[in-house]
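Student: I would love a close look at one part of this model, the charged pairs and their surroundings. Could you walk me through that part and then place it in the rest of the chain?

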Amino acid sequence: MKKFIHEIMKNFSILPYVLVLVFATLLPFDAMAQSKAVPFTAKKAVYLEVGGSSGVYAFNYSKIFHQKGKLKLNASAGFSILIRETTNSKAYWLPAIPLELTALYGKSNHHLEMGFGVIPYLDAVSLLDSETLDFKDKVVFDTGIPLRIGYRYQKPEGGFFFRIGYTPYFFGPIGSREDWEFIPVFAGVSFGKSF
């Protein structure tokens, strides 16, 4: 997944500027259009996320577990399967489970969303055998730590759900890595339904 994220981040070099522009236009409108925070009755959502905290993609379930005024706290969990082909042309089916905690700040439909998560996943790597000089495949446990700042559209009474966010990643010295890595340019978009 790390290789895939590196490939995608080359195409997202302008994304932080676009996100700042989106936030600059949406958040002031939210402040002018609503005068009182509306409590959420539809606290659950199911959605597909592409990129973002899921890395590549994931089907997610989320729930707002606390709300007070404009602040709402949300937890989500997801699942995805990636197919990775190694140097030996062997395909591996590798699961990933993105978990995330976010805070939503807004009065009604429009929210600033900030949070962090963890995405444990399996990865397939090809390692050079020093004795035979052949590559041997190995499936390793790995994890990423995404951060999130973004925009979330969710109606208090339920219905269409959308979010877009800037999600830089940290990767720890787990799996095939020996040092921490930081990927500063990554983003994601989600579509689904709240109920």
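Tutor: Happy to. Let's start with arginine 163, which makes a salt bridge to glutamate 49, with 3.3 Å between the closest N and O atoms. This pair links distant parts of the chain: arginine 163 sits in strand E8 (residues 159-166) and glutamate 49 in strand E1 (residues 44-51), 114 residues apart. Please keep in mind that this is a predicted model, so every distance here is read from predicted coordinates.

Are these two partners buried or exposed? Arginine 163 has a relative accessibility of 1% and therefore counts as buried, the cut-off being under 20%. Glutamate 49 is also at 1% relative accessible area, so glutamate 49 is buried by that cut-off.

Arginine 163 has another acidic partner: its side chain meets that of glutamate 100 in a salt bridge, at 3.1 Å from N to O. Because arginine 163 lies in strand E8 and glutamate 100 in strand E5, the pair ties together parts that are 63 residues apart in sequence. Glutamate 100, like arginine 163, is buried. These contacts belong to one network, in which salt bridges that share partners join Glu49, Glu100, Glu113, Arg148, Arg152 and Arg163. As general background, side chains of opposite charge can pair when their charged atoms come close.

How many salt bridges does the structure hold? There are eight. Another of them pairs aspartate 123 with arginine 84, where the closest N and O atoms are 3.1 Å apart. Aspartate 123 is in strand E6 and arginine 84 in strand E3 (residues 71-85), so this pair ties together parts that lie 39 residues apart in sequence. Aspartate 123 has a relative accessible area of 7% and is buried, and arginine 84, at 16%, counts as buried too.

Now for the strands that carry some of these residues. E5 (residues 99-105), the strand of glutamate 100, pairs with E6 (residues 110-128) in the antiparallel sense over seven bridges. In that pairing, tyrosine 105 stands opposite leucine 112 in E6, and a hairpin of four residues joins E5 to E6. E6 also runs antiparallel to strand E7 (residues 135-154), and 17 bridges join E6 and E7. One bridge in this pairing sets proline 120 against threonine 143 in E7. E6 and E7 form a hairpin with six residues between them, and leucine 133 in that turn has a positive phi of about 60°.

Let's follow the network to the loop after E1. Glycine 52 is found in the loop between E1 and strand E2 (57-68), and glycine 52 is buried, with a relative accessible area of 0%. Beyond its neighbours within four places in sequence, glycine 52 is in contact with Arg148, Thr167, Tyr169, Phe186, Ala187 and Gly188. Arg148 in that list is also part of the salt-bridge network. The C-alpha atoms of glycine 52 and tyrosine 169 are separated by 9.2 Å, although the two residues are 117 residues apart along the chain.

Strand E3, where arginine 84 lies, also holds serine 80. Serine 80 counts as buried at 2% relative accessibility. The side chain of serine 80 reaches the backbone oxygen of tyrosine 57 at 3.0 Å. Leaving aside neighbours within four places in sequence, its contacts are Tyr57, Ala58, Leu94, Pro95 and Ala96.

What about the surface? Phe65, Leu101, Phe116, Leu147, Phe170, Trp180 and Phe182 form a nonpolar patch there, with about 720 Å² of accessible area together. Tryptophan 180 is in the loop between strand E9 (169-171) and strand E10 (181-183). Its relative accessible area of 55% is over the 50% cut-off, so tryptophan 180 is exposed.

Finally, the setting as a whole. The chain has two helices and eleven strands, and from the N terminus on the two helices come before the strands. Buried residues make up 44% of the 195 residues. Among contacts between residues at least 6 apart in sequence, 57% join residues at least 24 apart. The chain exposes about 10,300 Å², with carbon and sulfur atoms supplying 67% of that area.

Methods: Residues numbered from 1 in each chain as written. Predicted model: local features only at pLDDT ≥ 70, side-chain atom pairs only at ≥ 80, totals over all residues. Heavy atoms only, no water. Pairing = 2+ DSSP bridges. Patch = residues over 30% accessible without salt bridge, like charges linked within 9 Å, V, L, I, M, F, W, Y side chains within 5 Å. Areas by Shrake-Rupley, 256 points an atom, 1.4 Å probe, with all protein chains shown as cover. Salt bridge = Lys/Arg side-chain N within 4 Å of Asp/Glu carboxyl O. Buried < 20%, exposed > 50% of the residue type's maximum accessible area, 1.4 Å probe, protein only. Polar contact = N/O pair within 3.5 Å; in protein donor to acceptor, adjacent residues only side chain to side chain. Contact = heavy atoms within 4.5 Å.
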